[in-house]
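Let's walk through this structure together, starting inside and ending in the loops. Keep the view open as you read.

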Amino acid sequence: MLLPTILPGPLRPHPPSLFHGAHSSLVEQRHRPQREPLPPFDMKTLLLVGATGLVGQSVLTQALADSRVARVVAPTRRPLPSQPKLENPLVDFNALPAEAPWWAVDGVICTLGTTIKKAGSQPAFRLVDHDYPLAVATLARRRGTPVFALVSSVGADAASRTFYLRTKGETERDLRALNFPSLTILRPSFIGGDRAERRPGEALALRFFSVLTWLIPRRYRIVPSGRIAQKLLADALAAAPGIRVVESESI
Ligand SMILES: NC(=O)c1ccc[n+]([C@@H]2O[C@H](COP(=O)([O-])OP(=O)(O)OC[C@H]3O[C@@H](n4cnc5c(N)ncnc54)[C@H](OP(=O)(O)O)[C@@H]3O)[C@@H](O)[C@H]2O)c1
């Protein structure tokens, strides 16, 4: 279990008292007399992890163009082009800066992920698809962040016999335990879009699925990355209470 080595403290559900404290200080700040004009009251700050990926890039573009978003914090391991409204801390996901002020946001969107082939081993895959998202969620939750939206996968199931689906299911399960007031889990099938990286197996499957779309049940059809990004952003901004698991055909 690698997670405890990433987190500065034990992974545990966030105590409600800490959350309430952080939230009320945010409200107080908003009502404090200001010399500079405040952004509209409903403008949100978002933390996005995975901003360099296929879905993450689309979330970033949409969020930066959205007038409801005041600021996007996108920690990455390689720098993003600088843009207005974007804060881009360079981080090592194995040693996330627990004390950074930017964990305190209105919502987190997580599009982190890798493949077992790219990661090189099952433990290395689990680190990126389970431990990193959980570390990010825990640190944001400790700062009172009330909203989390995750890209998981069709078939995610903590009891699955398939390692990939079991890992995705365990990530969902462990995220639920952090008690975010608003949690969205998207479970897309194949993700379509212009991927810079070559993934021949995935490209072949995508071609097969796009030619035979009409034969394929709706749950397993290709979902464009832009649509997933749109749903993540919409749900993160709506911050509806409770847990939503959105299956592929409903994204
Ligand atoms: N591809 C599909 O058809 C499919 C289907 C269902 C679900 N999903 C899931 O959907 C999510 C988003 O998919 P995607 O295609 O947008 O992913 P992607 O293009 O591969 O992007 C993955 C993101 O995770 C980051 N990442 C990967 N390894 C990392 C590491 N060791 N340390 C720090 N960051 C790391 C990447 O950063 P770098 O740019 O720095 O590498 C990138 O920002 C993933 O969780 C994936 O498992 C994918």
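**From the core to two loops**

Asparagine 179 is partly exposed, with 15 other C-beta atoms within 10 Å; we will come back to this residue after a look at the interior. Please bear in mind that this is a predicted model, where local features need pLDDT of at least 70, side-chain atom pairs count only at pLDDT 80 or more, and totals for chains, interfaces and linings use all residues. Residues are numbered from 1 along each chain as its sequence is written.

In soluble globular proteins, nonpolar side chains tend to be buried together. Here, the largest nonpolar core (buried Ala, Val, Leu, Ile, Met, Phe, Trp, Tyr and Cys residues joined through C-beta atoms within 7 Å) holds 47 residues, and Leu48, Val108 and Leu232 have the most contacts inside it. Buried means 20 or more other C-beta atoms within 10 Å of a residue's own, exposed 12 or fewer, and partly exposed in between, with C-beta atoms placed from the backbone. Among the elements giving two or more residues to this core are strand 1 (44-49), strand 4 (107-110) and helix 8 (225-238). Helix 5 gives the most, eight residues. Helices (H or I, at least four residues) and strands (E, at least two) are DSSP runs, numbered from the N terminus.

Now for the loops. Asparagine 179 sits between helix 6 (163-176) and strand 6, and has a positive phi of about 55 degrees without being a glycine. Alanine 239, in the loop between helix 8 and strand 9 (242-247), also is not a glycine and has a positive phi of about 50 degrees. Alanine 239 counts as partly exposed because it has 16 C-beta neighbours inside 10 Å.
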